[in-house]
Amino acid sequence: EVRENLPKELDFRVEAENAARCRNILDAGGFSRTVVVPEALAELTTSRVLTMHFEEGRSLAATGEEMAAEGVEPHDVVRR
């Protein structure tokens, strides 16, 4: 299984496709205004380099304390 999946995990073109798929799923779920997945630039992305648009924002990995310090209610994030 590792032999089959490792090359896919190391290929950033696959990661770009996964990001686009994730963006489409979030858009379909009504999250396009609240969760942004940066767009990959296909012409600048290779198996070893992933080039994406920069998006200003906050990480979804932020702790509840970090969110609260910025005026974001963690429970609202979870509910959304």
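Here are five short exercises on a predicted model, each followed by a worked solution.

**Exercise 1. The overall build**

Work out which elements the protein has, and whether its fold is spread out or compact.

*Solution.* Start by counting elements: the protein has four helices and zero strands. Read from the N terminus, their order is α-α-α-α. Next, look at the radius of gyration, which is 16 Å, whereas the globule rule gives 12 Å for 80 residues. The value for the protein is well over the rule, so the protein is more spread out than a compact globule. To picture the dimensions, imagine a box of roughly 40 × 30 × 25 Å along the principal axes, filled by the C-alpha atoms.

**Exercise 2. Inside and outside**

Find what share of the residues is buried, and what share of the exposed area comes from carbon and sulfur atoms.

*Solution.* Of the 80 residues in the protein, 11% are buried. Now turn to the surface: the protein exposes about 6800 Å², and carbon and sulfur atoms supply 54% of that area. One nonpolar surface patch, of about 310 Å², is made by Val2, Leu6 and Leu10. Take Leu6 from this patch as an example: Leu6 belongs to helix α1, which covers residues 2–9. Its relative accessibility is 43%, so Leu6 counts as partly exposed.

**Exercise 3. The salt bridge**

Locate the salt bridge in the structure and decide whether each partner is buried or partly exposed.

*Solution.* A search of the whole structure finds one salt bridge. Its partners are the side chains of Asp11 and Arg13, with 2.8 Å from N to O. Asp11 sits in the loop between α1 and α2. Now compare each residue with the cut-offs: buried means under 20%, and partly exposed lies between that and 50%. Asp11 has a relative accessibility of 16%, so Asp11 is buried. Arg13 comes out at 45%, so Arg13 is partly exposed. Finally, check what else Asp11 meets: leaving aside neighbours within four places in sequence, Asp11 is in contact with Thr46 and Ser47.

**Exercise 4. A threonine in a loop**

Describe the surroundings of Thr45: where is it, is it buried or exposed, and which residues does it touch?

*Solution.* First, the place: Thr45 lies in the loop between α2 (12–28) and α3 (64–69). Second, the cover: with 11% relative accessibility, Thr45 falls under the 20% cut-off, so Thr45 counts as buried. Third, the polar partner: a polar atom of the Thr45 side chain is 2.9 Å from the backbone oxygen of Leu41. Fourth, the contacts: not counting residues up to four places away in sequence, Thr45 touches Phe12, Arg13, Ala16, Ala40, Leu50 and Thr51. Notice that Arg13, a partner in the salt bridge of Exercise 3, appears among these contacts.

**Exercise 5. A second threonine**

Follow the same steps for Thr51, and add how far its C-alpha atom is from that of Ala16.

*Solution.* Thr51 is also found in the loop between α2 and α3. Its relative accessible area is 22%, so Thr51 is partly exposed. The side chain of Thr51 has a polar atom 3.0 Å from the backbone oxygen of Leu44. Beyond its neighbours within four places in sequence, Thr51 is in contact with Glu39, Ala40, Leu41, Leu44 and Thr45. As for Ala16, its C-alpha atom is separated from that of Thr51 by 8.7 Å, although the two residues are 35 residues apart along the chain.

Methods:
Residues numbered from 1 in each chain as written. Predicted model: local features only at pLDDT ≥ 70, side-chain atom pairs only at ≥ 80, totals over all residues. Heavy atoms only, no water. Helix = DSSP H or I, 4+ residues; strand = E, 2+ residues; numbered from the N terminus. Buried < 20%, exposed > 50% of the residue type's maximum accessible area, 1.4 Å probe, protein only. Polar contact = N/O pair within 3.5 Å; in protein donor to acceptor, adjacent residues only side chain to side chain. Contact = heavy atoms within 4.5 Å. Salt bridge = Lys/Arg side-chain N within 4 Å of Asp/Glu carboxyl O. Patch = residues over 30% accessible without salt bridge, like charges linked within 9 Å, V, L, I, M, F, W, Y side chains within 5 Å. Areas by Shrake-Rupley, 256 points an atom, 1.4 Å probe, with all protein chains shown as cover. Rg over C-alpha atoms; globule rule 2.2 N^0.38 Å.
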